[in-house]
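Q: I would like a close look at one part of this structure, followed by an account of how the rest is arranged. Please keep to what the model itself shows.

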Amino acid sequence: MINPLRCPLRVKIKSNPCDKELEEKIGVITLSELNDTIISIHYPDLLKSQTIRFISNRGDINKEIRKNNVAYPFVNGKEYTIIQGYNGKFTHNSIKSKYAIDFDLKIGDTITSVDGGMLLE
């Protein structure tokens, strides 16, 4: 596995629905930024007919969270309404989105960085 990103990458194995044991055995693997990792899996019961997929997400869920003062993601002096906050029932209910905030910006509105770092698309 190769992680070409400048951030950690979490990888989880998904097998066909009848073999959850493989998923539980492997769990989630976190690859360091800009790093190659060789993973060898010995699983004798794996059939050639089984389908295995890899699902990946950015970040390391075990990393300590640093609390930074951040700016709003728009030009100073502009104000926008929050349309969904933390742990929102609509879409902010997963590990990836529970701390997200949605603002009512329109197409073409300028967004800015809230803190130092790299932009990942």
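Which residues does D36 touch, not counting residues up to four places away in sequence?

A: The model is a predicted one. In it, leaving aside residues up to four places away in sequence, D36 touches M1 and I2. D36 and M1 are 35 residues apart along the chain, yet their C-alpha atoms are separated by 5.9 Å. D36 belongs to strand β4, which spans residues 35-36. D36 is exposed: its relative accessible area is 56%, and exposed here means over 50%.

M1, one of the two residues that D36 touches, is also part of a nonpolar surface patch. The patch covers about 410 Å², and M1 shares it with I39, I41, I52 and F54. Of these residues, I41 sits in the loop that runs between β4 (35-36) and β5 (52-58). I41 has a relative accessible area of 40% and is therefore partly exposed, as that class lies between the limits of 20% for buried and 50% for exposed.

The contact between D36 and M1 can be set against the chain as a whole. Among contacts in the protein chain with a separation of 6 or more, 58% are between residues 24 or more positions apart. The protein chain contains 1 helix and 7 strands, and along the sequence they follow the order β-β-α-β-β-β-β-β. Of its 121 residues, 17% are buried. The exposed area of the protein chain is about 10,200 Å², of which carbon and sulfur atoms supply 53%.

Next come the strands that pair with β2. Strand β2 covers residues 9-15, and 5 of its 7 residues are buried, so the strand is largely enclosed by the rest of the structure. β2 has strand β3 (residues 28-31) as an antiparallel partner, with 4 bridges between the two. Across this pairing L9 is opposite L31 of β3, and V11 is opposite I29 of β3. These two β3 residues, I29 and L31, make up the covered face of the strand, while V28 and T30 make up the uncovered one. In a regular strand, side chains alternate between the two faces of the sheet. β2 also runs antiparallel to β5, and 7 bridges join the two strands. One of the residues involved is K12, whose bridge partner in β5 is I55.

Aromatic side chains form another group. There are 4 aromatic pairs in the structure. Y72 and F74 make up a stacked pair, with 5.6 Å from centre to centre and 10 degrees between the planes. The two residues fall into separate exposure classes: Y72 is exposed, at a relative accessible area of 57%, whereas F74 counts as buried, at 6%. Y72 also pairs with F103, here edge-to-face, with the centres 6.3 Å apart and the planes at 90 degrees. Y72 lies in the loop between β5 and β6 (82-84), and F103 lies in strand β7 (residues 102-103), so this pair ties together parts that are 31 residues apart in sequence. F103 is buried, at a relative accessible area of 19%, a value that falls under the 20% limit. Y72, F74 and F103 are joined by Y80 in one aromatic cluster.

The last feature is a charged pair. Side chains of opposite charge can pair when their charged atoms come close. The structure holds 1 salt bridge, and the side chains that meet in it are those of D104 and K106, at 3.0 Å from N to O. D104 is partly exposed, with a relative accessible area of 32%. K106 is exposed, with a relative accessible area of 51%.

To return to the request, D36 is an exposed residue of strand β4, and the residues it touches beyond its sequence neighbours up to four places away are M1 and I2.

Terms used:
Residues are numbered from 1 along each chain as its sequence is written. This is a predicted model: local features need pLDDT of at least 70, side-chain atom pairs count only at pLDDT 80 or more; totals for chains, interfaces and linings use all residues. Side-chain values use heavy atoms; hydrogens and water are left out. Patches are made of residues with over 30% relative accessible area and no salt bridge: like charges are joined within 9 Å, nonpolar side chains (Val, Leu, Ile, Met, Phe, Trp, Tyr) within 5 Å. Accessible areas come from the Shrake-Rupley method with a 1.4 Å probe; for residues, only the protein chains shown count as cover. A salt bridge is a side-chain nitrogen of Lys or Arg within 4 Å of a carboxyl oxygen of Asp or Glu. Buried means under 20% relative accessible area, exposed over 50%, partly exposed in between (1.4 Å probe, protein chains only). Two strands pair if DSSP finds at least two bridges between them. Contact means heavy atoms within 4.5 Å. Rings of Phe, Tyr and Trp (its six-membered ring) pair if their centres lie within 6.5 Å; planes under 30 degrees apart count as stacked, over 60 as edge-to-face and the rest as tilted.
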